[in-house]
Amino acid sequence: MNIESQRFGTLDINEDELLSFPAGVIGFPTEQRFALVPHQGSGYIAWLQSVSTPGLAFPVVSAHAFGEMYPDVPVGAAAQEAGLEGDDETLAVMVVLCALNGQPATVNLLAPIVVNAATRRGAQVILEGTRFSTREFFALPEAARAKEPANADQAATSAAE
């Protein structure tokens, strides 16, 4: 399937690789199908590219980039409440990255995007009881940096521009 994207041009994505968000994502309830596009030079940063809107792509960061510090509350209950089945092993957690020109990059750790890797169904959920907010400073922890290419800091900034 070909997906038109303002950022990436035409993407050739297998239909079975698409992610489905039956309730959309916060602020975009009608955007229900996305392709996950890896960000060049980073194993932790990717883009959620809308299938139906060429100009809509969200930069996201894998929760694995934060190590043990995130999430600080269980995600399973919020995922189940959003209609996602599966245990913590099958749930992939991503957070939306925001990097405005000339400002430090932030991530939304209050409302992660959770995807069941087996069914490819996802939802953006609100974590009850977390200490995190929607605008947390973003810097890869040292352990994650050691696994990243040398230009990972630039990748985070350019991912959201």
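How do the residues of the lining of the largest pocket divide into nonpolar, polar and charged? The legends below take that pocket first and then visit other spots in this predicted model.

**Figure 1. The largest pocket and its lining.** This pocket holds about 540 Å³ of space. Its lining has 27 residues, and the closest to the pocket centre are Ser62, Ala63, His64, Ala92 and Val93. Four elements each give two or more residues to the lining: β4 (33-38), β5 (45-50), β6 (57-62) and β7 (91-98). Of these, β7 gives the most, with four residues. And here is the reply to our opening question: 20 of the lining residues are nonpolar, five are polar and two are charged.

**Figure 2. The whole chain, as a map for the other views.** Three helices and eleven strands make up the secondary structure of the protein chain. If you trace the chain from its N terminus, the elements come in the order β-β-β-β-β-β-α-β-β-β-β-β-α-α. The chain has 161 residues, and 44% of them are buried. Among contacts with a separation of 6 or more, 54% link residues 24 or more positions apart.

**Figure 3. Phe21, a buried residue in a loop.** Look for Phe21 in the loop between β3 (19-20) and β4. Its relative accessible area is 0%, which is under the 20% limit, so Phe21 counts as buried. Leaving aside residues up to four places away in sequence, Phe21 touches Glu31, Gln32, Phe34, Leu48, Ile113, Val115, Gly122 and Ala123. Phe21 and Arg33 are twelve residues apart in sequence, and their C-alpha atoms are 6.1 Å apart in space.

**Figure 4. His39 and its polar contact with Trp47.** The loop between β4 and β5 contains His39. Is this histidine buried or exposed? His39 has a relative accessibility of 14%, so it counts as buried. The side chains of His39 and Trp47 are joined by a polar contact of 3.2 Å.

**Figure 5. A cis peptide bond at Pro71.** Most peptide bonds are trans. The bond that joins Tyr70 and Pro71 is cis, with an omega of about -5°. You can find Pro71 in the loop between β6 and α1 (76-81).

**Figure 6. Arg120 and its positive phi.** Most residues other than glycine have a negative phi. For Arg120, phi is near 65°, a positive value. This arginine sits in the loop between β9 (113-116) and β10 (121-124). With 27% relative accessibility, Arg120 counts as partly exposed.

**Figure 7. Gly83 and Arg121, apart in sequence.** Gly83 belongs to the loop between α1 and β7. Its relative accessible area is 36%, so Gly83 is partly exposed. Along the sequence, 38 residues separate the positions of Gly83 and Arg121, while from C-alpha to C-alpha they are 9.1 Å apart in space.

**Figure 8. How confident is the predictor, and where is pLDDT under 50?** The mean pLDDT of the protein chain is 89, and 87% of its residues reach 70 or more. Over residues 149-161, pLDDT stays under 50. The model has 29 contacts beyond four places in sequence for that stretch. Where pLDDT is low, the predicted coordinates should not be read in detail.

Key
Residues numbered from 1 in each chain as written. Predicted model: local features only at pLDDT ≥ 70, side-chain atom pairs only at ≥ 80, totals over all residues. Heavy atoms only, no water. 1 Å grid on protein atoms, 1.4 Å probe; cavity = no way out; pocket = protein on both sides within 12 Å on 5 of 7 lines; lining within 4 Å. Points joined across faces, edges and corners; volume = space filled by probe spheres on them. Nonpolar A, V, L, I, M, F, W, Y, C, P; charged D, E, K, R; others polar. Buried < 20%, exposed > 50% of the residue type's maximum accessible area, 1.4 Å probe, protein only. pLDDT = per-residue confidence, 0-100. Contact = heavy atoms within 4.5 Å. Polar contact = N/O pair within 3.5 Å; in protein donor to acceptor, adjacent residues only side chain to side chain.
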